[in-house]
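Could you walk me through this one in the viewer? I'd like to know what to select at each stop and what I'll find there.

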Amino acid sequence: MARRRAAAIDAALSSIDDAELIALTRDLVRIPSVFRPGDSTATEAEVARYIERWLGKQGFSVEVHEVAPGRPNVVAWLGDRDGGPSLLLEGHTDVVTEGDPREWTHPPFGAELVDGRIYGRGAADMKSGLAAAMIAGAAIKRSGAELHGRLVVGALADEEGDMLGARHLCTTPLGRELSAAIICEPEQNEVCLEQRGVVWARVLVRGRMAHGAMPEAGANPISAIGALLAEVPALEKRLRRLSEKSRYLKPPTVTPTIVQSPAQGIGQSNVIPSSARLTLDVRLTPGPDGSAVAREIDAACQRAMARRPGVTIEWAPVNGFRLATRVERGEPLVRAVVSAVRRVTGRPARFSGVPGSTDGTILRTTLGIPIVTLGPGNRLIPHQVDEHVEVSELTEAARIYTAAALNFLQP
Ligand SMILES: [Zn+2]
């Protein structure tokens, strides 16, 4: 049986055409898919159409689910579940803004291929990972490998925003039947077993308006923001104490990212505003659940409020709680990926962790399935100018996905 699996993997690997993979990645980068609210032409729709057509031509069954106006998920699959497991190779189709194109040496949507690198917005995050997943699926199909279970390729919308695509997938029959997922985000092809979580705590402070010359008549929400900011180091320390030590992740952090007063409208030099807003970007490692994290943020707000009588402080999570995730090395999915890395690279897998959250966070916490994050591209390059991917990592990723999928889905 092991020999048959090895032969199936060999056949599928030899069905990978690197030139086709490079061309596909460049095509995807050339289709801008920055989501710009208010501009109905600036969505994932065009790149999703391309992916839908491409996968259809390869013989995948394809479904398109609109998760928001003009924002489709493309979900394609090979094989029948039929009692077997269902493995997802996942990527997102949206990219972040290119910023000022004049700051780029290579045009952001030119997909230039120079010295073994493909340049462009999304080259690493994550049209290369998506292309590698598509090519892996196509190679398995072309090789005629028999699948025990189902291989799903998901090109989802809105990862950079509210992760609507991943949330929607979890509500569909195809999503609910998943057994495991490989998240093809740029992690230099390291096997990431953990991902940090995130909570954006949006704090609203209400005080009382007054003349700046008579501050005693008001309650200044800005001083309360100051009191709360003074609590941040203690909050961070408490969260670190609640969390397990991780081999792969930096410890929890609490970082103020937005301060605004008044919360609405325009400030005036001689007016104590009635309100202020603060956003804390709270990063988590495995350990505390949502209510434990909420209790700590509550307590920090209470302490700040006690120091500033007359002011109320409340907060809410912007996008709910995206907790940290972890999978164990003994999971069949992890074993399938580790063995694929060894088969393809000839080296043992390097384990690591993802500094932020991904669509995998939603799949792991909503469906409870194991996820591994692994994909081509330097971990630090996403969202920068001159974003790029090394072609050598791209072609390696396609082979790892191919071998991992066959390891996981062979009888
Ligand atoms: Zn990404």
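Here is a tour in four stops, starting with the domains and ending with a pair of helices.

**Stop one: the domains.** Bear in mind that you're looking at a predicted model. Colour residues 2-195 together with 324-409 as domain 1, and give 198-317 another colour as domain 2, following the domain assignment of the protein chain. The C-alpha centres of domain 1 and domain 2 are 37 Å apart.

**Stop two: where the domains touch.** Here 10 residues of domain 1 make contact with 8 residues of domain 2. On the domain 1 side, select β8 (191-195) and β16 (351-354), since each of these strands supplies at least two of the touching residues. β16 gives the largest share, with 3 residues. Colour that side by class and you get 4 nonpolar, 4 polar and 2 charged residues.

**Stop three: the sheet.** Now pick out β11, β13, β9 and β14. They form an open sheet of 4 strands in the order β11-β13-β9-β14, with antiparallel pairing. Which strands stand at the edges? They are β11 (253-260) and β14 (312-317): each has a single partner strand, so one side of each has no neighbour in the sheet. Look along the sheet for the twist, which averages 25° from one strand to the next.

Next, zoom in on β9 (residues 197-206) and β13 (residues 275-284), an antiparallel pair joined over 10 bridges. A handy place to start is Ala201, whose bridge partner in β13 is Leu280. Then bring in helix α8 (residues 290-307), which packs on the sheet and touches β9, β13 and β14. The direction of α8 makes about 160° with that of β14. Add helix α7 (residues 221-242) as well: it lies across β9, β11, β13 and β14, and runs at about 165° to β11.

**Stop four: a helix crossing.** Finally, select helix α2 (residues 18-30) and helix α11 (residues 391-409). How do their axes cross? They come within 10 Å of each other and cross at roughly 110°. Angles of 65 to 115 degrees count as roughly perpendicular, and α2 and α11 are therefore roughly perpendicular to each other. The crossing of α2 and α11 is right-handed.

Show side chains to see who meets whom: α2 brings Asp18, Leu21, Ile22 and Thr25, while α11 brings Val391, Leu394, Thr395 and Ala398. By class, the residues of this contact split into 5 nonpolar, 2 polar and 1 charged.

Definitions and conventions:
Residues are numbered from 1 along each chain as its sequence is written. This is a predicted model: local features need pLDDT of at least 70, side-chain atom pairs count only at pLDDT 80 or more; totals for chains, interfaces and linings use all residues. Axes are lines fitted to C-alpha atoms, for helices over the stretch in contact, and angles run from 0 to 180 degrees between N-to-C directions. Angles under 35 degrees count as roughly parallel, over 145 as roughly antiparallel, 65 to 115 as roughly perpendicular and the rest as oblique. A crossing is left-handed if the near helix is turned anticlockwise from the far one by less than a right angle, and right-handed if clockwise. Two residues are in contact if their C-beta atoms, placed from the backbone, lie within 7 Å. Ala, Val, Leu, Ile, Met, Phe, Trp, Tyr, Cys and Pro count as nonpolar, Asp, Glu, Lys and Arg as charged, and the others, Gly among them, as polar. Domain bounds come from an automatic or database domain assignment. Two strands pair if DSSP finds at least two bridges between them.
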